[in-house]
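Q: Could you take a close look at how the strands pair up here, and walk me through it slowly?

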Amino acid sequence: VNKPAAACGAGTTVASPLPGVNQEACRKEGDAVKRGQKVMVLEAMKMENVIEATADGTVTAIKVGKRDLVLEGAPLVIIG
């Protein structure tokens, strides 16, 4: 069965690779980012984990606030 393609303009979601606490959003909505650029820092098991942009574009939404607990796979940032 073929799955429909993502809607045009839906953006790319940067998801949490592991459960943790958001320490810092390094970008704000409207900022331009390049693939591999740091967008957020999560603390997990007393270590800081740098979360990088997965695509070039503009940050259209930040889905978590500072000190928010996030689960693995939770959306963190949307890049349009």
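**A close look at strand pairing**

A: Let's start with one contact: asparagine 22 has leucine 42, in strand β4, as its bridge partner. Before going on, a word on where this comes from: this is a predicted model, in which local features need pLDDT of at least 70 and side-chain atom pairs count only at pLDDT 80 or more, while totals for chains, interfaces and linings use all residues. Residues are numbered from 1 along each chain as its sequence is written, and side-chain values use heavy atoms, with hydrogens and water left out.

Strands here are DSSP runs (E, at least two residues), numbered from the N terminus, and two of them pair if DSSP finds at least two bridges between them. Strands of a sheet pair through backbone hydrogen bonds, either parallel or antiparallel.

Back to our contact. Strand β2 covers residues 20-25, and β4 covers residues 38-44. Four bridges hold this pair, in the antiparallel sense. β2 also pairs with strand β7 (residues 69-70), again antiparallel, over two bridges. There, glycine 20 has valine 70 of β7 as its bridge partner.

Zoom out a little and you get an open sheet of four strands, in the order β5-β4-β2-β7, with antiparallel pairing. Its edge strands are β5 (47-52) and β7, since each pairs on one side only.

Now for strand β8 (residues 75-79). Strand β1 (residues 12-15) runs antiparallel to β8, joined by four bridges, and alanine 15 has proline 75 in β8 as its bridge partner. Strand β6 (residues 57-62) is antiparallel to β8 too, this time with three bridges; here alanine 61 stands opposite isoleucine 78. β8 is mostly covered, with four of its five residues buried, and buried means under 20% relative accessible area (1.4 Å probe, protein chains only), exposed means over 50%, and partly exposed is in between.

One last stop is a side-chain contact. A salt bridge needs a side-chain nitrogen of Lys or Arg within 4 Å of a carboxyl oxygen of Asp or Glu, and a search of the whole structure turns up one. Lysine 28 and aspartate 31 make it with their side chains, at 3.6 Å from N to O. Lysine 28 is exposed, with a relative accessible area of 55%.
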